[in-house]
Amino acid sequence: MIQHSQLSAKNLRSKIHSRDICFGGNKKLKIYGLLSCSSGKRMKMENRIFFKDENEALQNNYRPCGHCMKKEYKQWKQSLFTK
């Protein structure tokens, strides 16, 4: 998990290009999603964090975004009712 405020613009682009960062998240709402998500692009920089993969986000108790990851969000929501 990497906070956006810890990265320069150049370093961020490099990490995205090398696939060290594949997902973004909101640390206050505990939501993660695709880097291309319009909801994620609107969040404040101080709330934005990045993950290498989906497993890293899930291990840190983040849930999938309902906008850009509809299938994963539905599965997550269903898992709440089966517990």
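# Briefing: A Five-Stranded Sheet and Its Surroundings

Pro64 counts as buried, with a relative accessibility of 2%, and this residue lies in strand β5. The model described here is predicted. Its five strands form an open sheet in the order β1-β4-β2-β3-β5, and the pairing is mixed. The points below treat the sheet, the aromatic rings, some contacts between parts of the chain, and the largest pocket.

**The sheet as a whole**

- In general, the strands of a sheet pair through backbone hydrogen bonds, and the pairing is either parallel or antiparallel.
- In this model the strand order is β1-β4-β2-β3-β5, with mixed pairing.
- The edges of the sheet are taken by β1 (2–3) and β5, each of which has a single partner strand, so one side of each is left without a neighbour in the sheet.

**Strand β2 and its two partners**

- Strand β2 (residues 23–26) pairs with strand β3 (residues 31–34) in the antiparallel sense, over four bridges.
- These two strands, β2 and β3, form a hairpin with four residues between them.
- Lys30, in the turn of this hairpin, has a positive phi of about 60 degrees.
- Between β2 and β3, Gly25 has Tyr32 as its bridge partner, and Asn26 stands opposite Ile31.
- Strand β2 is also joined to β4 by four bridges, and these two strands run antiparallel.
- Between β2 and β4, Gly24 stands opposite Phe50, while Asn26 has Arg48 as its bridge partner.
- Asn26 therefore has a counterpart in each neighbouring strand under the bridge rule: Ile31 in β3 and Arg48 in β4.
- As a general rule, side chains in a regular strand alternate between the two faces of the sheet.
- In β2, Phe23 and Gly25 point one way, Gly24 and Asn26 point the other way, and all are buried.

**Strand β5 at the edge**

- Strand β3 and strand β5 (residues 63–64) run parallel and are joined by two bridges.
- Ile31 stands opposite Arg63 in β5.
- The charged end of Arg63 sits over the ring of Trp76, at 5.5 Å from the centre of that ring.
- The C-alpha atoms of Pro64 and Lys74 are separated by 8.8 Å, and the two residues are ten residues apart along the chain.

**Aromatic pairs**

- A pair of aromatic rings is described by two quantities, the distance of the centres and the angle of the planes.
- The count of aromatic pairs in the model comes to three.
- In one of them, the rings of Phe23 and Tyr32 have their centres 5.9 Å apart and their planes at 80 degrees, so the pair is edge-to-face; planes over 60 degrees apart count as such.
- Both Phe23 and Tyr32 are buried.
- Another aromatic pair, Phe51 and Tyr62, is edge-to-face, with 5.0 Å centre to centre and 70 degrees between the planes.
- Phe51 lies in strand β4 (residues 48–51) and Tyr62 in the loop between α3 (54–59) and β5, so this pair ties together parts that are eleven residues apart in sequence.
- Phe51 is buried at a relative accessible area of 1%, and Tyr62 is buried at 6%.

**A loop residue beside β4**

- His4 is found in the loop between β1 and α1 (9–17).
- With a relative accessibility of 13%, His4 counts as buried, because the term applies under 20%.
- The C-alpha atoms of His4 and Ile49 are separated by 5.4 Å, although the two residues are 45 residues apart along the chain.

**The largest pocket**

- Rolling a probe the size of a water molecule over the atoms shows where empty space is left.
- The largest pocket has a volume of about 360 Å³.
- This pocket is lined by 23 residues, of which Cys37, Ser39, Gly40, Lys41 and Met43 are the closest to its centre.
- The elements that give two or more residues to the lining of the largest pocket are β2, β3, α2 (38–42) and β4.
- The residues of this lining divide into ten nonpolar, nine polar and four charged.

Methods. Residues are numbered from 1 along each chain as its sequence is written. Side-chain values use heavy atoms; hydrogens and water are left out. Rings of Phe, Tyr and Trp (its six-membered ring) pair if their centres lie within 6.5 Å; planes under 30 degrees apart count as stacked, over 60 as edge-to-face and the rest as tilted. Buried means under 20% relative accessible area, exposed over 50%, partly exposed in between (1.4 Å probe, protein chains only). A charge sits over a ring if NZ of Lys or CZ of Arg is within 6 Å of the ring centre and within 35 degrees of the ring normal. On a 1 Å grid over the protein atoms alone, a cavity is a set of points where a 1.4 Å probe fits but cannot get out, and a pocket is an open set with protein on both sides within 12 Å along at least five of seven lines; lining residues have an atom within 4 Å of a point. Grid points are joined across faces, edges and corners, and a volume is the space filled by probe spheres set on the points. Ala, Val, Leu, Ile, Met, Phe, Trp, Tyr, Cys and Pro count as nonpolar, Asp, Glu, Lys and Arg as charged, and the others, Gly among them, as polar.
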